[in-house]
Amino acid sequence: MRKQKMYREYRLKSYLNMSHYIIIDGRQGLSHPHTWEFVVTMIVVGDEFVQFSAFESLIEQYLEKYQDKILNTIEPFDTIVPTIENVTDHFYEELKGMLHENGGELVSMEGSETPTRSYIVSRRNEPEFIEQIRRRQTEQISGVIRYVVGQIVDGTDEN
């Protein structure tokens with residue numbers, strides 16, 4: 001018998017061709033391109049089938065507005081310096097809510113503008129995040145118990 005998993009972890013990669021420039025000591029550097037890589041690690045509570053393409057589409061649709069653009073011309077990077085840290089932090093905050101609304105929980109996001117350097121934002125060790133996942137697991141288990149008890153007692157689904 002297969003052991004039931006309480007959550008499943010997924011890792012999705014996306015690539016963007018974007019340009020940016022950095023302002024250092026009040027001087028604007030040259031605009032230069034990168035193929036940026038973003039790796040989203042997320043979990044879905046439960047043991048049900050997850051349609052990978054739904055989450056991939058959500059992430060790709062969000063990132064599409066940045067494809068082939070100069071990042072400094074798009075909000076909020078017209079006022080925030082578009083370093084890998086600032087870009088990853090912003091994308092992380094935006095995607096966290098979008099994924100949650102669709103049944104996923106963003107665990108971490110890794111951004112890199114070169115193959116040799118990455119910046120990672122992670123919730124993995126945040127007590128609030130861990131408690132949130134425990135609550136969702138408990139809700140899922142309670143739902144299964146209500147359903148089974150309902151079936152045993154009177155053959156109805158109380159979920």
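Strand β4, which covers residues 32-45, is a good place to start in this predicted model. Of the 14 residues in β4, 11 are buried, so the strand is mostly covered; buried here means under 20% relative accessible area. In a regular strand, side chains alternate between the two faces of the sheet.

Now look for the partner of this strand. β4 is joined by 7 bridges to strand β5, made of residues 105-114, and the two run antiparallel. To see the pairing for yourself, find V39 and look across: E110 in β5 stands opposite.

Next, move to helix α1, which spans residues 52-64. Two residues of this helix make a nice contrast. I59 is found in α1, and it counts as buried because its relative accessibility is 1%, under the 20% cut-off. E60 also has its place in α1, but E60 counts as partly exposed because its 36% relative accessibility falls between the cut-offs of 20% and 50%.

I59 also shows how a chain can bring distant parts of its sequence together in space. I59 and L12 are 47 residues apart in sequence, and their C-alpha atoms are 8.9 Å apart.

E60, for its part, leads us to the surface. There, E60 gathers with E56, E64 and D68 in a patch of negative charge. Which part of the structure holds D68? D68 sits in the loop between α1 and α2. D68 counts as exposed because its relative accessibility of 60% is over 50%.

Let us stay with D68 for a moment and look at its backbone. Most residues other than glycine have a negative phi, and most peptide bonds are trans. With that in mind, notice that the phi of D68 is near 60°, a positive value in a residue that is not glycine.

D25 gives you another example of this kind: its phi is positive, about 55°, although D25 is not a glycine. You will find D25 in the loop between β2 (23-24) and β3 (27-28). Is D25 buried or exposed? With a relative accessible area of 75%, D25 is exposed, because this value is over 50%.

One more backbone feature is worth a visit, and it concerns a peptide bond. Going from E75 to P76, the peptide bond is cis, with omega near -5°. P76 has its place in the loop between α1 and α2, where α2 covers residues 84-101. D68 lies in the loop between α1 and α2 as well, so you can follow the chain from the positive phi of D68 to the cis bond leading into P76.

Definitions and conventions: Residues numbered from 1 in each chain as written. Predicted model: local features only at pLDDT ≥ 70, side-chain atom pairs only at ≥ 80, totals over all residues. Heavy atoms only, no water. Patch = residues over 30% accessible without salt bridge, like charges linked within 9 Å, V, L, I, M, F, W, Y side chains within 5 Å. Areas by Shrake-Rupley, 256 points an atom, 1.4 Å probe, with all protein chains shown as cover. Salt bridge = Lys/Arg side-chain N within 4 Å of Asp/Glu carboxyl O. Lys, Arg positive; Asp, Glu negative; His and termini not counted. Charge placed at Lys NZ, Arg CZ, Asp CG, Glu CD. Helix = DSSP H or I, 4+ residues; strand = E, 2+ residues; numbered from the N terminus. Buried < 20%, exposed > 50% of the residue type's maximum accessible area, 1.4 Å probe, protein only. Pairing = 2+ DSSP bridges.
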